[in-house]
Amino acid sequence: MGEPNWQNRTLFRGDNLKFLRAMNSESVDLIATDPPFNKGRDFHATPDSLAAGARFQDRWSWEKDVHQDWLDQIRDDCPAVWEVIDAANAVYMRPTKKNLSKPRDEVGSDMGAFLCFMAVRLLEMHRVLKPTGSIYLHCDPTASHYLKAIMDAIFGWRQFVNEIVWSYRSGGGSKRHFGKKHDTIFWYSVKHNKHTFNTDEVRIPYDAVIAKKWEHKFNKKGKVSGDVWDISRPANHSNERIGYPTQKPLALYKRILEASSNKGDIVLDPFCGCATTLLAAERLNRQWAGIDIWSKAHEVILERLEQHWLVTLGKTKHSLLDENVHYSTDLPVRTDSGEKAVPFLRVKVRVKEPDGPRWTRAEMYEHLLEQHGPKCQGCNRVFDDPRYLELDHNTPRSDGGLNHVSNRILLCGPCNRLKSNTFTLSGLRRQNQKRGYMK
Ligand SMILES: C[S@@+](CC[C@H](N)C(=O)[O-])C[C@H]1O[C@@H](n2cnc3c(N)ncnc32)[C@H](O)[C@@H]1O
Ligand SMILES: [Zn+2]
């Protein structure tokens with residue numbers, strides 16, 4: 001397993017994708033994170049609060065936010081994720097004249113854009129987690145149904161452990177529908193049944209009457225908690241509340257860390273906001289790193305940690321912070337083998353991609369069309385419309401095949417499905433011959 005290539009108590013500032021990509025594989029025990037939810041609006045901090053001025057954007061657009069390299073990575077490294085995003089695009093597409101006149105697979109949606117943003121980051125989170133690790137992904141009903149499908153695709157549906165309902169009392173009353181008073185937290189392990197679960201750390205007391213009656217039978221620490229957690233949001237006037245928009249209760253993240261990590265373990269929150277996860281980690285003697293794009297988050301985090309140390313240790317203002325908290329806008333340097341593929345696609349024989357700029361899928365497609373014409377390389381059928389041809393790998397990725405154009409082929413849909421991850425091109429052509437599909 002990898003060592004982390006960053007120091008304990010590091011705050012990274014910037015886009016988490018680039019930091020995640022620069023982190024060593026298999027170096028983190030637990031990720032507990034609360035990303036944007038795709039609420040279609042911006043969040044602002046309470047004026048006059050510690051976090052005053054903080055804001056973050058939670059609206060997404062296919063045209064503005066989706067990068068070509070994200071689409072390439074998703075399609076190459078985890079095609080099942082692309083299927084989920086494609087499904088979301090079909091459902092959320094705006095039926096404008098312009099959209100309806102385009103081929104279906106060229107029309108995106110706001111939901112699709114948000115999911116692309118999440119998918120590339122979740123692929124990296126999966127890579128940096130140890131095989132014994134876990135991830136808790138906090139979302140709400142806006143996108144949780146698609147995120148669960150994406151998690152199934154990336155972590156594997158067998159690794160799904162719990163859907164935790166965080167139930168709160170505040171907010172969300174309406175005369176048109178029931179109050180919206182819960183968030184959803186998905187817990188996935190990396191390897192089936194290899195995750196940490198400290199049952200005794202997260203027991204909750206029995207109901208007093210029952211406990212008295214059955215005293216001799218019950219575990220003194222209480223019962224194992226169910227998957228619906230009643231925890232109130234930090235009240236507006238409470239000490240805990242610092243005004244950061246979307247701040248989550250410390251008790252919620254403490255429970256997650258107590259359940260799924262041990263003292264000394266390494267906890268990462270790539271969307272750390274005002275650092276609820278990091279503070280929970282500090283209190284429970286875990287090592288931690290957090291990433292957030294916004295500088296205000298970092299001021300607030302430092303302020304919060306300072307308060308924590310002042311109260312618990314009586315240390316003076318800057319001494320502990322300066323000595324112990326590392327602040328960085330520079331990328332960490334990979335000290336592992338630099339393996340880029342997500343672990344489940346890790347190659348049997350590792351081959352290095354040739355140097356030089358990476359081609360986009362569109363460029364490879366054009367190149368192959370020029371080389372072979374609009375012909376399926378699996379069955380020799382010629383198409384009058386190149387859209388019938390799909391870009392695929394010759395040697396499958398799972399067998400060490402490169403993303404590079406030298407390992408790319410154009411196949412018609414039926415050939416692509418027949419080939420799947422089982423054959424190379426010559427194997428596919430043999431199959432076609434045998435089955436009489438060759439043109
Ligand atoms: C829902 S908030 C997290 C709140 C946190 N759980 C807390 O209790 O304070 C999401 C955070 O993700 C950050 N964020 C959004 N996109 C990001 C990106 N690409 N890279 C790093 N941080 C990002 C936002 O600045 C925001 O602070
Ligand atoms: Zn074909």
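Trainee: Is arginine 9 buried or exposed in this model?

Mentor: Start with the neighbour count. The model is predicted, so the count comes from predicted positions. The cut-off for buried is 20 or more other C-beta atoms within 10 Å. Arginine 9 has 20 of them within 10 Å, so it is buried.

Trainee: Where does arginine 9 sit along the chain?

Mentor: Arginine 9 lies in the segment before β1, the strand of residues 10-13. Check its backbone too. Arginine 9 is not a glycine, yet its phi is positive, near 60°.

Trainee: Which value does phi take at glutamate 26?

Mentor: About 50°, again positive in a residue that is not a glycine. Glutamate 26 belongs to the loop between α1 (16-21) and β2 (28-33).

Trainee: Is glutamate 26 buried or partly exposed?

Mentor: Apply the cut-off once more: buried needs 20 or more other C-beta atoms within 10 Å. Glutamate 26 has 19, so it counts as partly exposed.

Trainee: How do I read burial for a whole helix, say α10?

Mentor: Go through its residues and see how many are buried. Helix α10 covers residues 276-283, and seven of its eight residues are buried, so the rest of the structure largely encloses this helix. The buried ones are Thr276, Thr277, Leu278, Leu279, Ala280, Ala281 and Glu282.

Trainee: What happens to phi just after α10?

Mentor: Asparagine 285 takes a positive phi there, about 60°.

Trainee: Which residues come nearest to ligand 1?

Mentor: List the shell, then pick out the nearest members. The shell around ligand 1 has 19 residues, and Asn16, Asp34, Phe271, Gly273 and Thr276 come nearest. Thr276 has already appeared as one of the buried residues of α10.

Trainee: How many residues of that shell are nonpolar, polar and charged?

Mentor: Sort them by class. The shell of ligand 1 holds 10 nonpolar, five polar and four charged residues.

Trainee: Now the whole chain. How many helices and strands are there?

Mentor: The protein chain has 15 helices and 15 strands.

Trainee: What does the radius of gyration tell me?

Mentor: Set it against the value for a compact globule. For 439 residues that value is near 22 Å; the protein chain has 25 Å, which agrees. For the extent in space, take the principal axes: the C-alpha atoms fill a box of roughly 80 × 55 × 50 Å.

Trainee: And burial and contacts over the chain?

Mentor: Buried residues are 35% of the 439. For contacts, look at sequence separation. Among those with a separation of 6 or more, 68% join residues 24 or more positions apart.

Methods: Residues are numbered from 1 along each chain as its sequence is written. Chains are lettered from A and ligands numbered from 1 in the order in which they are written. This is a predicted model: local features need pLDDT of at least 70, side-chain atom pairs count only at pLDDT 80 or more; totals for chains, interfaces and linings use all residues. A residue is near a molecule or strand if its C-beta atom, placed from the backbone, lies within 6 Å of it. Ala, Val, Leu, Ile, Met, Phe, Trp, Tyr, Cys and Pro count as nonpolar, Asp, Glu, Lys and Arg as charged, and the others, Gly among them, as polar. A residue is buried if 20 or more other C-beta atoms lie within 10 Å of its own, exposed if 12 or fewer, and partly exposed in between; C-beta atoms are placed from the backbone. Helices (H or I, at least four residues) and strands (E, at least two) are DSSP runs, numbered from the N terminus. The radius of gyration is taken over C-alpha atoms; the globule rule is 2.2 Å times the number of residues to the power 0.38. Two residues are in contact if their C-beta atoms, placed from the backbone, lie within 7 Å.
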